[in-house]
2 protein chains.
Amino acid sequence: MEADQALLDELHHVYLFEELDDEQLTRVLRNSQRVSLPAKSLLFEAGQPADRFYLVHQGQIKLFSLSIDGDEKVMEILYPGNTFAEAIMFMQAKRYPVSAQALGDTVLYSFDMKGFRQILEESQQTCFRLMAGMSRRLHARINEISNLTLHNATYRLVVFLLEQIPEDAIELAEIHLSTPKSVIASRLSIQPETFSRILTRLSAAGLIEVKGNDISLLDVPGLRDLL
Amino acid sequence: MEADQALLDELHHVYLFEELDDEQLTRVLRNSQRVSLPAKSLLFEAGQPADRFYLVHQGQIKLFSLSIDGDEKVMEILYPGNTFAEAIMFMQAKRYPVSAQALGDTVLYSFDMKGFRQILEESQQTCFRLMAGMSRRLHARINEISNLTLHNATYRLVVFLLEQIPEDAIELAEIHLSTPKSVIASRLSIQPETFSRILTRLSAAGLIEVKGNDISLLDVPGLRDLL
DNA sequence: GCTAGGCTTTGACCCTGATCAATTCCCGAT
DNA sequence: ATCGGGAATTGATCAGGGTCAAAGCCTAGC
């Protein structure tokens, strides 16, 4: 792909590429591709051999895994600026551990793993950043596992709501869901029905107010108290 | 700590140190300490500032997290040769995300994170190995999350049993549990009672036979069929 | 404006696995 | 050999949340 300036600027804000000089960036771009995905199309499936990783430019990607009987668990939802599948560069078996699907119409850039590894060999800084990114993700997963095992559905949903607003918020806060509720439910390992019921319960308790995809947190301290 | 040959040999087989030359290894050892832990003693608690990572030399360490009301989830059990907490070297907030406790009497070596980062700056190979280790762990966590959310307790227990034996085993296989059943139960996010009941059920079905801490898998294909 | 199809919500019911409680088992210490 | 204490087992009960089914809503497209 050719290197126009807008794109270079965009990449400069991605943690993986932050430390690269223009020469290296250009090299990365040479092996990159722009990928346009219509809504609901699959990018890759779990188990497929992996030789490229991705950056979300526009839209949303969901990473999910399927059980044998077709149940779906959303592992992660990625937004513009996020990268994914870059950790696979270092796995023995270079296969995608999960499947990836576009939620809405989405535009990605894909990068060659082998080429990027070469860059890494030259840039200690980038190595360190990549490791930082990986350990952040690792930490996030550990957190998620404790949430799943130590707490119940209501707890997870409230945590999710509170994560959407600034830490210091005390007063009323507004949240807009840009992702279907059923996807968020799966992300939290809750059935859509249960998700809906919990929202209803929280509303009845006067803690939140739900209007379609907009949720007002009426009583933030009260929500925090639930945890 | 001083560098006797036996220890050097041991470190050479640890993935993090595999690629280091003797000079670097000696340097690592200079900032390392031998730590002896009596059974059940806490090494560190979640949230504590972290500046050292560890290698298990003898015994077993369990990594776990606690909910507010004291419920415990075992995240990982580490055996001799395993390292842990090394990913924290790259986290923004250098704090242990989980707590660590010795199961039996245990001997560890601890290493200075700052010192090891310097080594990493010199050894591309070691960086790559560390990244490989991190992505392996990341992958394992992702797997665990799908197990937790997509499958039930019996499934997880059977998966655990099958993981203990060679891939290609078809005939009868023997497993010895060197860790208390209750710890394994927590590792699988099952209550000890349920753990015991499932073992009983599998025995009744003629798939396994349990004698204290020894489990015989009588019908490996049958177990695989359960998945 | 109206219809169709996909989300979302609501209701009824059920099942897995958690909890509480009581034994029993196992092992090390006396 | 006996005792004591933690681990493991077993039984009874219960609740969170999953499943199935039906109805309600909303929006895109005609």
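**Figure 1. Helices facing DNA strand C.** Helices here are DSSP runs of at least four residues, numbered from the N terminus. With that in hand, welcome to this predicted model, and to the surface near DNA strand C, where α7(A) provides the largest share, 4 residues. Around this strand there are 15 residues, and those that come nearest are A:K181, A:S182, B:N152, B:A153 and B:T194. Of the strand C atoms that come within 4 Å of the protein, 69% belong to sugar and phosphate. Sorted by class, this surface holds 7 polar, 6 charged and 2 nonpolar residues.

**Figure 2. Polar contacts to DNA strand C.** Let us zoom in on individual atoms. On the backbone of the strand, a phosphate oxygen sits 3.0 Å from a side-chain N or O atom of A:K40. Chain B reaches the bases: B:E193 places a polar side-chain atom 3.2 Å from a base nitrogen, while B:R197 has one 3.0 Å from a base oxygen. The elements that supply two or more residues to this surface are α6 (181–187) and α7 of chain A, along with α7 of chain B.

**Figure 3. The surroundings of DNA strand D.** Now for the other strand in these views. Strand D has 14 residues around it, with A:N152, A:A153, A:R197, B:K181 and B:R197 coming nearest. Sugar and phosphate make up 64% of the strand D atoms found within 4 Å of the protein. At least two residues each come from α7 (192–204) of chain A and from α6 (181–187) and α7 (192–204) of chain B. Here α7(B) gives the most, with 4 residues. The surface contains 6 charged, 6 polar and 2 nonpolar residues.

**Figure 4. Polar contacts to DNA strand D.** Both protein chains take part in this close-up. From chain A, the side chain of A:E193 has an N or O atom 3.2 Å from a base nitrogen of strand D. From chain B, a polar side-chain atom of B:R197 is 2.9 Å from a base nitrogen. B:S196 has a side-chain N or O atom 3.2 Å from a sugar or linking oxygen of strand D.

**Figure 5. How chains A and B are related.** A turn of 180° with a shift of 0.1 Å along the axis lays chain B on chain A with an RMSD of 0.1 Å. The two copies are therefore related as by a two-fold rotation axis. In chain B, B:L138 has the C-alpha nearest that axis, at 2.7 Å. The copies meet through the same surface, because 97% of the interface residues of chain B are also interface residues in chain A.

**Figure 6. B:F84 in the nonpolar core.** The largest nonpolar core counts 103 residues, and B:F84 is among those with the most contacts inside it, together with A:F17, A:I61, A:F84, B:F17, B:I61 and B:F116. Setting aside residues up to four places away in sequence, the residues that B:F84 touches include B:L43, B:F44, B:F53, B:Y54, B:I61 and B:R137.

**Figure 7. B:S41, a buried loop residue.** In chain B, B:S41 belongs to the loop between β1 (33–37) and β2 (42–44). With a relative accessible area of 18%, B:S41 is buried, since the cut-off for that label is under 20%. A polar atom of the B:S41 side chain is 2.7 Å from the backbone oxygen of B:P38. Apart from neighbours within four places in sequence, B:S41 contacts B:A100, B:Q101 and B:A102.

Methods:
Residues are numbered from 1 along each chain as its sequence is written. Chains are lettered from A and ligands numbered from 1 in the order in which they are written. This is a predicted model: local features need pLDDT of at least 70, side-chain atom pairs count only at pLDDT 80 or more; totals for chains, interfaces and linings use all residues. Side-chain values use heavy atoms; hydrogens and water are left out. A residue is near a molecule or strand if one of its heavy atoms lies within 4 Å of it. A polar contact is a pair of N or O atoms within 3.5 Å; within protein, one must be able to donate a hydrogen and the other to accept it, and residues adjacent in sequence count only if both atoms are side-chain atoms. Ala, Val, Leu, Ile, Met, Phe, Trp, Tyr, Cys and Pro count as nonpolar, Asp, Glu, Lys and Arg as charged, and the others, Gly among them, as polar. A nonpolar core is a set of buried Ala, Val, Leu, Ile, Met, Phe, Trp, Tyr and Cys residues joined through side-chain atoms within 4.5 Å. Buried means under 20% relative accessible area, exposed over 50%, partly exposed in between (1.4 Å probe, protein chains only). Contact means heavy atoms within 4.5 Å. Copies are superposed by least squares on the C-alpha atoms of residues with pLDDT of at least 70 in both.
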